[in-house]
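Hi everyone, thanks for coming. Let's bring the structure up on the screen and walk through a few places in it together.

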Amino acid sequence: MDTKRLEAFLKVVDLGSVTRAANVLNVAQPALSQQIASLEAEFKKQLLIRSTRGVTPTEAGQILYRYAQMVQRQIEEARRSILDSGAAVSGNVTVGLAPLSTASLIAPALLREVRSRFPGIVLNIFDSFGVTLSEMTLKGRMDMAVLYGDAPVRGLSYTPLFDEPFYLVAPPAFDIGSTNETTIWVSELSKLDLVLPARESYLRQAIERACSEAGVRARVVAEIHALPTLATAVLEGMAATVLPWPIASTLLVGMKPVIRRIASASASLPMSLGIPDNVALSDAAFAVYGVLNEQIQALKARWPADHRESL
């Protein structure tokens, strides 16, 4: 099979438009359409659904997309290996770290270790909102991702890492009962003004699910994505927030905030390391995979038995 046709198919699916893909590939639109038609004839299946809003892959098209990604990446790796034969491990590696998660704390150490041990690797780290890590990994735009959840989507395999419990983090002036308490009931949490990330955040979804199960609603007074702004809201006594303990201890050390683990099974989520299950990691990605696991284990080893001891 002509790999150029697969490249054209990938570009059409990525851009959702034959016209845009033709412009990017610098080919005539009729020629690109003919390439797609020849693929459909070869597989005897319709691969794309065409409409006035663009094109989307059929079920057969989604299958071909995954395998075409694998072929393209293997060709790129073969080309790089041939060109760099005898050289140290090198290449581009993209890693996703779920935002507002404990995993996001390892970004500096991960970058430092990769630069020290594998200077030929160019590391790209995504740890911001607006990026669907599992989707990017599935589509081959990301080599691996530490994300919330333990039920892998089709095309990804998950390695469980740890459970991430969520904690209320409130200003010292907030009246939340006895200082000897270590937990807070969801019914009490719902009485506080909260600043939380937007609804697409897994953390936000977990808190709202816990509130729904308790028959109450979270009193969200502002939606904030940036950690420094969340910390400022708490530091200045404007509102409370919800964070994993390691994030709270890093941001608010020395402040002595009110920290309470939320007493609900829903206020905790598993974290997993996801990688594509239909393509082997490149040498560079495999090297980063090893460093990433090391940093996660090192982070876990620093957690005290009682999280509050570090605050």
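**A walk through the model**

Let's begin with Ala280, which sits in the loop between strand 12 (268-276) and helix 11 (283-301). Please keep in mind throughout that this is a predicted model. Is Ala280 buried or exposed? With a relative accessible area of 61%, Ala280 is exposed, because anything over 50% counts that way. Now look for Gln74: Ala280 and Gln74 are 206 residues apart in sequence, yet their C-alpha atoms are 8.5 Å apart in space.

Let's step back to the chain. It has 311 residues, and 46% of them count as buried. Its secondary structure comes to 11 helices and 12 strands. If we take contacts between residues at least 6 apart in sequence, 76% of them join residues at least 24 apart.

Now to the beginning of the chain, and a pair of helices. In general, two packed helices are described by the angle between their axes and the distance between the axes. Here the pair is helix 1, residues 3-15, and helix 3, residues 29-43. They pack at an angle of about 105°, and their axes are 9 Å apart. That angle makes helix 1 roughly perpendicular to helix 3.

Which residues do the meeting? From helix 1 we have Arg5, Leu6, Ala8, Phe9 and Val12. Facing them from helix 3 are Leu32, Gln35, Ile36, Ser38, Leu39 and Glu42. Sorted by character, the residues of this contact come out as seven nonpolar, two polar and two charged.

While we have Leu6 in view, let's find Tyr67, in helix 4 (residues 59-83). Leu6 and Tyr67 are 61 residues apart along the chain, and 9.4 Å separates their C-alpha atoms. Tyr67 counts as partly exposed, at 45% relative accessibility.

Next comes helix 2, residues 18-25. Where do its buried residues, Val18, Ala21 and Ala22, point? Looking down the axis of helix 2, they fall within an arc of 100°, so they line one face of the helix. On the other side, Asn23 and Val24 are exposed. And what covers the buried residues? The cover includes helix 1, helix 3 and strand 2 (54-57), so our two packed helices come back into the picture here.

Both ends of helix 2 deserve a look. At its start, a side-chain oxygen of Ser17 comes to within 3.3 Å of the backbone nitrogen of Thr19. Just after the helix, Asn26 has a positive phi of about 60°.

Ser17 also leads us to another loop. Arg53 is in the loop between strand 1 and strand 2, and it is exposed, with a relative accessible area of 80%. The C-alpha atoms of Arg53 and Ser17 are separated by 8.4 Å, with their positions 36 residues apart along the chain.

Let's return to that positive phi for a moment. Most residues other than glycine have a negative phi. Lys44, which is not a glycine, has a positive phi of about 55°. You'll find Lys44 in the loop between helix 3 and strand 1 (48-51), where it counts as exposed at 72% relative accessibility.

Leu100 is another non-glycine residue with a positive phi, near 60°. Its loop runs between strand 3 (91-97) and helix 5 (107-117). Is Leu100 buried or exposed? At 4% relative accessibility, Leu100 counts as buried, because the cut-off for buried is under 20%.

Leu100 takes us to the last stop, Leu203, in helix 8 (residues 202-213). Leu203 counts as buried too, at 1% relative accessibility. What is it in contact with, leaving aside neighbours within four places in sequence? There is Leu100, which we just visited, together with Phe166, Leu196, Pro197, Val242, Leu243 and Pro244. Ser101 belongs in this view as well: its C-alpha atom is 8.5 Å from that of Leu203, although the two are 102 residues apart along the chain.

To recap, we saw helix 1 roughly perpendicular to helix 3, helix 2 with its buried residues along one face, and Leu203 buried at 1% relative accessibility. Thanks for listening, and I'm happy to take questions!

Terms used. Residues are numbered from 1 along each chain as its sequence is written. This is a predicted model: local features need pLDDT of at least 70, side-chain atom pairs count only at pLDDT 80 or more; totals for chains, interfaces and linings use all residues. Side-chain values use heavy atoms; hydrogens and water are left out. Axes are lines fitted to C-alpha atoms, for helices over the stretch in contact, and angles run from 0 to 180 degrees between N-to-C directions. Helices (H or I, at least four residues) and strands (E, at least two) are DSSP runs, numbered from the N terminus. Angles under 35 degrees count as roughly parallel, over 145 as roughly antiparallel, 65 to 115 as roughly perpendicular and the rest as oblique. Contact means heavy atoms within 4.5 Å. Ala, Val, Leu, Ile, Met, Phe, Trp, Tyr, Cys and Pro count as nonpolar, Asp, Glu, Lys and Arg as charged, and the others, Gly among them, as polar. Buried means under 20% relative accessible area, exposed over 50%, partly exposed in between (1.4 Å probe, protein chains only). The arc is that of the directions from the helix axis to the C-beta atoms. A polar contact is a pair of N or O atoms within 3.5 Å; within protein, one must be able to donate a hydrogen and the other to accept it, and residues adjacent in sequence count only if both atoms are side-chain atoms.
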